[in-house]
Each structure stands twice: as C-alpha cells, then as structure tokens.
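Student: I have a structure open beside its sequence, and I would like to learn how to read it. Could you take me through some features one at a time?

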Amino acid sequence: MDCGGKNKSKFLAARNNKIYMDLKLIIREHALQFLPAKSLFKFRGVCRDWRLMISTPFFAHNQSLSYSSVSGMFFQSHGDPPTFISTDPESCGVPDPTLSFLPSPIDIVASSNGLLCCQAKTGDRAYYICNPVTKQWKKLPKPSMEHGPEPAAVLIFKPSLLNFVAEYKLICAFRSNDFDDATEFEIYSSKDDAWKVSGEINFSAKKLIAKSGVCVNDVVYWQSSHGSILVYDMTKDRSQVIHGCYSGHGTLGEFNGKLCSASVNGRTLTVNVISNIYSNTMHMGSRAQLWTDKIRIPLVTEMFNVSSYDHFPVLYAGSEIALVLSGRSIYRCDLKTTEVRFLVALPRPEQKGIPYVNSLVAL
C-alpha cells in the first residue's frame, strides 16, 4: 500500500482547494467591484455567498467608487423614448433603456458617474435623478426659475468614500428674465434638497447648447451656438466666456483632470486640452495659449466610405477613449494606443448622446 502516494494526493487536493478558495476570496473581495453592474448581476448566480455580497449596500458603494468607465450612450430623438447603446453588450447594459419606471415620459438632459438627470415632458416639467440599473429615482423640488424648453443642465456626482448616500448637484444655466441677453445660474443641492439662484449674472454668453455641458474640478463649461464657451466656477461663484477650440465645434470632455475639446478635422481626431483659462484676458503680446494640441489620431479609411457623408461628430471624449460617429456607425478611438476600431451600429442616425457609467450607486 502506497501511503506516500495517498498522502501526496491529499496534500495536492488540499493545496488546490486552498488555491481555489484564496482565488475565490481575492475575486470576491477585490476584482468584482471593478466590474460594470450588468456583469455583477450575472455573477450573483455563481453561488449564494456572491449573491448576498453583491446585494449589500457596502458592495454597491465600493463598486460606484471603483468603476468609472463609460459603458455606453443614451440616445433620444425628439418625441421618442430613450434608447441605450452599450460599448460592450455582454458586460454593460441597463434593464429598461426607455426608463419606463419613471412616473412620466422624460427627456434625458445630463449624466454623471452612474446617475441620470431627466426632465418630464409634460406637466410641471419636473426634474428626476435616477439610476437606470437599480431603477431607483428621486423627484427634485420645483426650481424657482424657468429654465426653458431645453435646459443647459449639468449633473455633478462624485462618489465619496465616506458618503454611502449619493450627494450630487444639478447646475442649470438659463436666460435671465430681468436682463436682456444675460445668463443666470440656479443650483440644486441634494444635501440641502433645495434650489438656490446664484448672484452671478453673465452678460457675454450667447445661446447655450443643451447637453453640451461638462464639469471639471468644480468648474462647469457649456458650449454656445456662437462657438464660445461659458465658464462657471462653482467655488468662486464667478463666470466668464472663453474662446472655443476650432471655432467651438468640438465636443467638451475631461482629459486627465483638465477640460478638453475633441473634434474631427479632415481625417484626424484631434484632442485639445485647455492650458490657461485666463489667457484671453492677458495683455496684448502675451504668448499664453488657451488650447494646446494633446493628441492626434488618424481615422481608419472605412469611416470615410459612407456615401456623401463628411461630418463626424464626436459623441464622447475622456481620458482613455473618444467615440466618433460615422453615418450610423460608432468607432472607438483609444487615446493611449491610438487604435481605432468599429464598435456598434445605431438603428437610426443620431448626432448627440448622453454618456453613461454602469454603476450600482444608490440614491
């Protein structure tokens, strides 16, 4: 009888079981929280422990802190319910892309780190904040000012290690009722559950483009129909107007903590980063530049094979990727490797979308 062989087999079995348990623990405790919400819902079927863990508020909080990649885009044509196009249909998605769980038909106006801001199409045109993955939502109190039919709204939500309940702000720039051609600002704070009209009034901004706004380091930027950019510093409660890049036709985003503007010029995707926000107020002869070329990526030939099509909107620009539209096809441009590849085809032509992060953030 080979006792040594049996002992060796038991040792190997015990070691393999320990490795399996350790790997399972590592995946459970560390790797899972870096996955998008749709993948996590699938992993709940692995075992009872994983199902219980993924369902806890603590895990949802950690996932909202850890996962920040853009998972897709919400599109909405005038009068139609929204649709969601995933950058990875296998791992990213939402259970109800039309957002029918909200109490009335809506227009999506902004998003931030897993939360959407929507506005009712009828009635008092109320704002709603929701997470389309969990179907949680909240109706905001009525603003004190009229924001217009297409509000220039920017949602700001920064996941915090210490706050298990999402704290967010909604910034709306609107045409003043008291001063001709002036822009004012109204801000909702979830912490106070109230709106506040800023004392700041900007007399230089022209008509703002809805769904063009972004927030970078507590400074909010909107594009105007005249190519300029309205800047509102939330900390200082001050605003100014700066020149847009390439006549203001680019799409605004955040690139490594700075405002960027991405556009297609000829056959090249160009990403410019703001270098000195105050350069347009410098003395004459100053060499300070407002925008700096950061990245240039040649686009692939197949993007230009669309018959009679020479307009390539940039749907999204961030630190890692840009999404460019060619006809009905979305292409993914990797800003680190400069790789350009086809991503997905849209069911109908679109010009602008709302980026979304597949998060478990709780309201």
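Tutor: Gladly! Let's begin with burial: a residue counts as buried when its relative accessible area is under 20%, as exposed when it is over 50%, and as partly exposed in between. Keep in mind that this is a predicted model.

Student: Let me try that on Ser212. Is Ser212 buried or exposed?

Tutor: Ser212 has 5% relative accessibility, so it counts as buried.

Student: Where does Ser212 lie?

Tutor: Ser212 belongs to the loop that runs between strand 10 (194–202) and strand 11 (214–216). Setting aside residues up to four places away in sequence, Ser212 touches Tyr221, Trp222, Gln223 and Leu252. A polar atom of the Ser212 side chain also lies 2.6 Å from the backbone oxygen of Ile209.

Student: And Lys294, is that one buried or exposed?

Tutor: Lys294 has a relative accessible area of 54%, and because the cut-off for exposed is over 50%, Lys294 is exposed. You will find Lys294 in strand 18 (residues 291–298).

Student: Which residues is Lys294 in contact with, leaving aside its neighbours within four places in sequence?

Tutor: With those neighbours left out, Lys294 is in contact with Phe255, Val271, Asn272 and Val273. You can also compare distance along the chain with distance in space: Lys294 and Leu335 are 41 residues apart in sequence, while their C-alpha atoms are 9.9 Å apart.

Student: Now the strands. How do I read a sheet?

Tutor: Look at the order of the strands and at the sense of their pairing. One open sheet here has three strands in the order 2-1-23, with antiparallel pairing. Its edge strands are strand 2 (83–86) and strand 23 (354–357), each of which pairs on one side only. From one strand to the next, the twist averages 35°.

Student: How many bridges join strand 1 and strand 23?

Tutor: Strand 1 (residues 70–75) pairs with strand 23 in the antiparallel sense over four bridges. To follow one of them, start at Gly72, whose bridge partner in strand 23 is Tyr356.

Student: Could we look at strand 5 next? How many of its residues are buried?

Tutor: In strand 5 (residues 127–131), five of its five residues are buried, and the strand is described as mostly covered. To read the faces, split the residues by side: Tyr127, Ile129 and Asn131 are on one side, Tyr128 and Cys130 are on the other, and all are buried.

Student: Which strands does strand 5 pair with?

Tutor: Strand 5 pairs in the antiparallel sense with strand 4 (residues 115–120), over four bridges. Strand 5 also pairs in the antiparallel sense with strand 6 (residues 136–139), again over four bridges. For landmarks, Leu116 has Cys130 as its bridge partner in strand 5, and Asn131 stands opposite Gln136 in strand 6.

Student: What should I look at in the hairpins?

Tutor: Check how many residues lie between the strands, then look at phi. The hairpin of strand 4 and strand 5 has six residues between the strands, and Gly123 takes a positive phi near 65°. The hairpin of strand 5 and strand 6 has four residues between them, and Lys135 in the turn has a positive phi of about 65°.

Student: How many disulfides does the structure hold?

Tutor: A disulfide is a covalent bond between the sulfur atoms of two cysteines. The structure holds zero disulfides. Cys130 is in none: its nearest cysteine sulfur belongs to Cys118 and is 4.3 Å away, whereas the cut-off for a disulfide is within 2.5 Å. Cys130 is buried, with a relative accessible area of 0%. Cys260 also counts as buried, at 0% relative accessibility.

Student: Last topic: how many salt bridges are there?

Tutor: The structure holds eight salt bridges. In one of them, the side chains of Asp107 and Lys121 meet at 2.7 Å, N to O. That pair links distant parts of the chain, 14 residues apart: Asp107 is in strand 3 (residues 106–112), and Lys121 is in the loop between strand 4 and strand 5. Asp107 is partly exposed at 23% relative accessibility, and Lys121 is partly exposed at 27%.

Student: Which residue forms a salt bridge with Glu350?

Tutor: Arg348 does, with the closest N and O atoms 3.3 Å apart. Glu350 is buried, with a relative accessible area of 8%, whereas Arg348 is partly exposed at 27%.

Key:
Residues numbered from 1 in each chain as written. Predicted model: local features only at pLDDT ≥ 70, side-chain atom pairs only at ≥ 80, totals over all residues. Heavy atoms only, no water. Helix = DSSP H or I, 4+ residues; strand = E, 2+ residues; numbered from the N terminus. Buried < 20%, exposed > 50% of the residue type's maximum accessible area, 1.4 Å probe, protein only. Contact = heavy atoms within 4.5 Å. Pairing = 2+ DSSP bridges. Axes fitted to C-alpha atoms, helices over the stretch in contact; angles between N-to-C directions. Polar contact = N/O pair within 3.5 Å; in protein donor to acceptor, adjacent residues only side chain to side chain. Salt bridge = Lys/Arg side-chain N within 4 Å of Asp/Glu carboxyl O.
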